[in-house]
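This report looks at how two protein chains and two DNA strands are arranged together. Please consult the sequence and the structure below while reading.

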2 protein chains.
Amino acid sequence: MLTDMESVPGGTPRSRKGGRPTIRDVAREAGVGIGTVSRVLNDDRRVSPGTRHRVMAVIRRLRFRPSTAARGLVKGRTQTLGVLVPFFTKHYFLEILRGIEQALAGTDYSLIIYSVERPEQASAHLSFLSRVRRVDGLIVISLSGRAVATGCRRLARRCPVVAIDANLGGAMNLLPDHELGMYLAVKHLIGLGHERIALVDRPEDPVFGTITEARRQGYRRAFREAGLSLRSPRVVIADYSQEGGYEAVARLLAARRPPTAVACASDLQAVGALRAVEEAGLRVGADIAVTGYHDVELARYVGLTTVHLPAFEMGEVSAGLLVSILTGRQAAEQPTLPPPYLVVRDSCGRHRAQAR
Amino acid sequence: MLTDMESVPGGTPRSRKGGRPTIRDVAREAGVGIGTVSRVLNDDRRVSPGTRHRVMAVIRRLRFRPSTAARGLVKGRTQTLGVLVPFFTKHYFLEILRGIEQALAGTDYSLIIYSVERPEQASAHLSFLSRVRRVDGLIVISLSGRAVATGCRRLARRCPVVAIDANLGGAMNLLPDHELGMYLAVKHLIGLGHERIALVDRPEDPVFGTITEARRQGYRRAFREAGLSLRSPRVVIADYSQEGGYEAVARLLAARRPPTAVACASDLQAVGALRAVEEAGLRVGADIAVTGYHDVELARYVGLTTVHLPAFEMGEVSAGLLVSILTGRQAAEQPTLPPPYLVVRDSCGRHRAQAR
DNA sequence: TTGAAAGCGCTAACAC
DNA sequence: GTGTTAGCGCTTTCAA
C-alpha cells in the first residue's frame, strides 16, 4: 500500500492537498530531484537536453506554475510593478496606464495601482513601499514636490523607480519634449496671425519646475523665430483645472488690451478658457483662439486644438525599461519617445486676416 | 566577541543583512519566542497583556512589517485583490476604480489591474488567475459572455469573485438598478411632451442579457405609467460606441416617422446621436431630445441630460464586500447601492408645447 | 501563556 | 549534470 493516492487510476498524482502541484510533484513525476526542476524553471544551462525535455513535459502535463510567494520569499522578488498615479489627470493617465499594461502583457509582471487623490497619499504610499517589499519597481506619474522626491529617492535605493512627466531627482525621468510641445502650439497661433498670445500655465512647482520652464521656453522660441518681440510676456499662472483656466482667461479678457489667443498648459484649463470666452460674448476661433495641452479624450469632443503628448508610449517605455532592468537584459539603451505633435481642430479658427 | 554587530553603538540591532528587520529580530529584542511575536501580529488572544505590550513596543521601534511573501507562502494569501476591467468604458471605469481604491485605502490590501483591450484577454487573465495564486479576490467590471462566465465560475471555487454591472452566474453580482435608470430617462422625456421615443441600446448579450432587458422594462414602464401605448416599440440595437449611436440615429431620422426623442444606453452613443441630429439639420433639444446613460465626464461638457449610475459606490461596495469576506468579519449584510438618478442638462430642451 | 520545531514552495550552495 | 540540503520569514502545531 505504498502507492497511497499516488496513482489513483485516471487521476493525476499530486501531493495530498487538493491544491495546485508543487515542484515536488514535478520532480517525482519526472524522476529527478527538485533542484533539477528548479534549474529548468530558471533556464539554468547545466541541465542535459534530455532531462530538460522530460521535466518540461511533466510541467506542462501537470499544468505546473511555480508559486510567486515562495519564489519571492527566497529571491526577494514580487514579480510586481507599482504605479503611483494621481487620479486628477484622468484620461491622460489612462493612456499611460494602457501603455504600461501593453508593455507588461508579455511578461509575468503584474501591476499594482497606488492612487493619489490627496497630496499626502503620495508620500504615504512611498513610505509604505520602502517598508514593505511589495513591488520590484515603481512608476511615478506626474507627481512632484519635495516629499515625493524624497520618498522616491529613498525607495530608489531598493528598487528601480522611473518618473513619467515629472522631474524627480534620484529617479529616472521620462519627460515628453514640453519645449517643443508649447512651441508647436504658439507657432500655430502665430501662423494664424496672432501676436498677443497669453500663456496660461500651472504654478511652477516649488522644487522641480522643469516642465513649466520648458513650456515657457517653447513659448518664447516661437516668438523669437517669428521675429516677434516679447514686450509683454503674458504668462499667467493658474490652477491646472477647468476653473483655473476659466478664471485666468476671464481676467485676461477683462483687461485693457486682451490677448487674441490663449495657449493653455492643460486641456481642462482650455475648456475653462472656452467657457470664459463664450461668457464674454466672444466667439471661440473667430474672436479668440484657444489651444489645449495633452490631447485628452475630451478635447476631441469640444473641438479643441491641442498638443498631443506621447502618453501611451511613455507608459510603454517606462514599464519596458523597468522590466529590462529587473530581468537584467541589456539596458535597451536610452529609450526614445516620439515627439509631441499638434492636433488641429476648431478652437483656433482660421487666419485672422482671412477671417475678417 | 559574541556581540558581533548586534550592538553597534547607536545602531538598532538587526540580523546581519542590511535588510528590514524580521520576526526574529523582534523576538530577540523583546526577549520572547518568535511564536509569541507571531501571535501578537495575528491578534491571537492568548498573549498576556504585558508581553503583548512589550512586543508591540519593539515592533514599533524597529518599524517592523511582516513580509507579505512569507505570510502568503504559509497562509496561501496574497493580500491582493484583482480587478478585471475593460478599458473601453474609460471614465465610467475610472469612477469604479476610484471607489475600489477608496475602500481599500484603510486595509492592507493592494489592487492589481488586469486590463482587457480585446475580448480574448479576459479569459486569458482568468485562466492565469486560476493557475497562479496571485489575488485573494477578484472584481470583474462590465464584462460578459460565455468564456468570462466560465472563467469566473472556475475561479470562484478558489476565491471570492464579484461582478460589477454584469451578470455572471457563479459570481456575486452587483448591478445598478437599470430598470429604474432607463425609466427615469424615458419618464423625463414623456414629461417633456414626447411620445415617439426611440430606445437605442446595445446588442443583447448572447448569454446573460439581464441588463439590456432591465432597461427595456424601465422603458416600457414609463410608457405604461403615462398611459401611453407602445404601438411602435422603437427599440434599436446599436454598438455601445459613438459610431453606433450615430448610425442608429441617422437611420432613425431618415425614416418615415422619425422619433422626437432618443434615449441612449450609453453616453457615447448619445454623443454620436447628437452629431447625427446636427448633421440632419435639426436642433438638439428643440427638435430632437437626447438622453445619455452612465453620466461620464464627457456628458457634462457636451451638456447631455443623462442617467447617473452609482459607479464610485459600486467600486466601493464590491471591494468592501471582498475584504469583509476575506477577513471573515460579519458579511455586512447585502450591501445596498444608491439608486441611479437623472442629471438634467441641455440635450432635451424644454417642453414641446412651450417650445413652439 | 509561552517556546521550540516543523513546514509553506522555492532557490542556491554544496556535494558527488 | 544532478541530487541533497539549508534556509527565505512567517504561521501553526505540539509540548511544557
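## Surface near DNA strand C

The residues that form the surface near DNA strand C divide into 11 nonpolar, 10 polar and five charged. The model is a predicted one. In total, 26 residues surround DNA strand C, and the closest of them are A:I23, A:R71, B:T36, B:R39 and B:T51. Of the atoms of this strand that lie within 4 Å of the protein, 68% belong to sugar or phosphate, while the rest belong to bases.

Several polar atom pairs can be placed on this surface. A polar backbone atom of A:I23 lies 2.3 Å from a phosphate oxygen of DNA strand C, and a polar side-chain atom of B:T51 also lies 2.3 Å from a phosphate oxygen of that strand. A base is approached by B:R39, where an N or O atom in the side chain is 2.6 Å from a base oxygen of DNA strand C. The elements that give two or more residues to the surface near this strand are α2 and α4 of chain A together with α2 and α4 of chain B, and α4(A) gives the most, with five residues.

## Surface near DNA strand D

Around DNA strand D there are 28 residues, of which A:T36, A:R39, A:T51, B:I23 and B:R71 come nearest. By class, the residues of this surface divide into 11 nonpolar, 11 polar and six charged. Sugar or phosphate accounts for 64% of the atoms of DNA strand D within 4 Å of the protein, and bases account for the rest.

At least two residues of the surface near DNA strand D come from each of α2 (34–41) and α4 (68–75) of chain A and from each of α2 (34–41) and α4 (68–75) of chain B; here α2(B) gives the most, with five residues. Phosphate oxygens of the strand are paired with both side-chain and backbone atoms: a polar side-chain atom of A:T51 lies 2.5 Å from one, an N or O atom in the side chain of B:R71 is 2.6 Å from one, and a polar backbone atom of B:S67 is 2.9 Å from one.

## The ends of α4(B)

Besides its backbone contact with a phosphate oxygen of DNA strand D, B:S67 caps the N-terminal end of α4(B), with a side-chain oxygen 3.3 Å from the backbone nitrogen of B:A69. Just after α4(B), B:G76 takes a positive phi of about 70°.

## Relation and contact of the two chains

Chain B is superposed on chain A by a rotation of 180° with 0.1 Å of shift along its axis, and the RMSD is 0.1 Å. The two copies are therefore related as by a two-fold rotation axis. Both copies use the same surface, since 100% of the contact residues of chain B recur in chain A.

In this interface, 44 residues of chain B are in contact with 44 residues of chain A. The area buried between the two chains is about 3800 Å², and carbon and sulfur atoms give 56% of that area. On the side of chain B, the residues that lose the most area to chain A are B:R20, B:R131 and B:Y301, which together make up 17% of what that side buries.

## Domains of chain A

The domain assignment of chain A gives domain 1 (5–74), domain 2 (78–176 + 312–326) and domain 3 (178–309 + 341–348). Between domain 1 and domain 3 of chain A, the C-alpha centres lie 61 Å apart.

Conventions:
Residues numbered from 1 in each chain as written. Chains lettered and ligands numbered in written order. Predicted model: local features only at pLDDT ≥ 70, side-chain atom pairs only at ≥ 80, totals over all residues. Heavy atoms only, no water. Near = heavy atom within 4 Å. Polar contact = N/O pair within 3.5 Å; in protein donor to acceptor, adjacent residues only side chain to side chain. Helix = DSSP H or I, 4+ residues; strand = E, 2+ residues; numbered from the N terminus. Nonpolar A, V, L, I, M, F, W, Y, C, P; charged D, E, K, R; others polar. Least-squares fit on C-alpha atoms with pLDDT ≥ 70 in both. Contact = heavy atoms within 4.5 Å. Domains from an automatic or database assignment. Buried area = accessible area lost by both parts, 1.4 Å probe.
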